[in-house]
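Here are my notes for a colleague who wants to look at side-chain contacts and helix packing. Please read them with the structure open.

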Amino acid sequence: DMEFFLKYAMKILETHHENKPRARVFAHAMWAASTDDEWIDRKKWIQETVETKLYKEIDGLCQRETEEEELAPSIETAPIAAPVLEDKSIEPKRTGDEKVQVFAIMRNSHEVIRGAFRDVGDAIANADFQEADDIWKALSVWEQMHMAMEEGNSIYKGFFRVLDEQRNNLATEKGLRNNHKKLVILEKSLSELLESGEDQEAIAYALTAYELENEAHLTFEEEIMMPEVMSLVNEGVLLKKIMMEDLLPLIDDMEFFLKYAMKILETHHENKPRARVFAHAMWAASTDDEWIDRKKWIQETVETKLYKEIDGLCQRETEEEELAPSIETAPIAAPVLEDKSIEPKRTGDEKVQ
């Protein structure tokens, strides 16, 4: 008798809350474990049972996450951690897993490159070669940081080495590093032509050549890397730990990297929440101390409305995580980190328990 079970539980949990969000957590979990049709009745029973204020909290929480999930398949994060269910008859919409997808930083970095390159092309089309050169120089600096996150160095692995270790030298066998070498040659040629700004025909030719090679490069990486990231997520590999230890330390100017990415993603959103997804992933891969500066840089860059969305999302999840250890759900999915030096507070996993 689901109606009795749910109403009784909500009544008791609301009454005996002991300053913990027991009723909300219970209802949120029930929402996550319900199909859309089942949730129609279950939501109604909850509304009939609890105080209006609590019901609105529950309904608002579930509505917001429903909207995010409906957006998710169309955004760049979808291939990273799509839910895998052995029983295809189970609706896969609500899993609660990997709400924060830390490798959205890498995937949406490709959209930063694409968006900025469009700006270069627009400036050249308008014969504003000084503007094109300025945009190109900034993009080149930023893209070097992105490439460093992939290639690594003698201290930090970078994503290609992570792929080699996790997937039997996949990055090496597929020639991911060699692809970067082709781009460097074309980039140098375009840089020299833009700096002089004299030969418009040569600039247009070099731009087209670079654009074609760059898009082929980005697509090639995505086709190889994104399915592997999805597989690593499903295997329980700690991608947050990898991002924090092996990739983000390779960025030598985090303020520029973050501000530039947020500006481009906000401008070239294509009706997708790219900037918010990128910032959310950066929050998940930051310690509390790191996030103080990073949040400030985001606030200084994007429109107020977008900043409030990002800040509200991260604040709400922070509050839930701070509550989690003290409530009955904590033992269900406490984060497990092999390296205790990494702050375990923000995992992004099992948001709905």
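1. In this predicted model, lysine 137 is partly exposed, with a relative accessible area of 41%, whereas aspartate 133, its salt-bridge partner at 3.2 Å from N to O, is buried with a relative accessible area of 4%. Because the two residues stand 4 residues apart in helix α6, about one helical turn separates lysine 137 from aspartate 133.

2. A search of the whole structure finds 25 salt bridges, and some of them link parts of the chain that are distant in sequence. One of these joins glutamate 270 to arginine 118, with the closest N and O atoms 2.9 Å apart; glutamate 270 sits in the loop between α12 and α13, arginine 118 belongs to helix α5, and their positions lie 152 residues apart in the chain. Both ends count as partly exposed, glutamate 270 at 42% relative accessibility and arginine 118 at 33%.

3. The contact between glutamate 270 and arginine 118 does not stand by itself, since both residues belong to a network of salt bridges that also includes Arg107, Glu111, Arg114, Glu215, Glu222 and Arg274.

4. The side chains of arginine 276 and glutamate 309 also meet in a salt bridge, at 3.8 Å from N to O. Arginine 276 lies in helix α13 and glutamate 309 in helix α15, so this pair ties together parts that are 33 residues apart in sequence. Arginine 276 is buried, with a relative accessible area of 18%, while glutamate 309 is partly exposed at 36%.

5. How does the length of helix α5 compare with what its residue count should give? Its 22 residues (104–125), at 1.5 Å a residue, should span 32 Å, and the end C-alpha atoms are 31 Å apart, which agrees. Of these 22 residues, 17 are buried, so α5 is largely enclosed by the rest of the structure. Alanine 127, which follows α5, has a positive phi, near 60°.

6. Turning to the rings, a search of the whole structure finds 10 aromatic pairs. In one of them, tryptophan 142 and phenylalanine 257 have ring centres 4.9 Å apart and planes at 5°, so the pair is stacked. Tryptophan 142 lies in helix α6 and phenylalanine 257 in helix α12, so the pair ties together parts that are 115 residues apart in sequence. Tryptophan 142 is buried, with a relative accessible area of 0%, and phenylalanine 257 is likewise buried at 0%. Ring pairs also draw Phe256, Tyr260 and Phe278 into a cluster with Trp142 and Phe257.

How values were computed:
Residues are numbered from 1 along each chain as its sequence is written. This is a predicted model: local features need pLDDT of at least 70, side-chain atom pairs count only at pLDDT 80 or more; totals for chains, interfaces and linings use all residues. Side-chain values use heavy atoms; hydrogens and water are left out. Rings of Phe, Tyr and Trp (its six-membered ring) pair if their centres lie within 6.5 Å; planes under 30 degrees apart count as stacked, over 60 as edge-to-face and the rest as tilted. Buried means under 20% relative accessible area, exposed over 50%, partly exposed in between (1.4 Å probe, protein chains only). The expected span of a helix is 1.5 Å times one less than its number of residues. A salt bridge is a side-chain nitrogen of Lys or Arg within 4 Å of a carboxyl oxygen of Asp or Glu.
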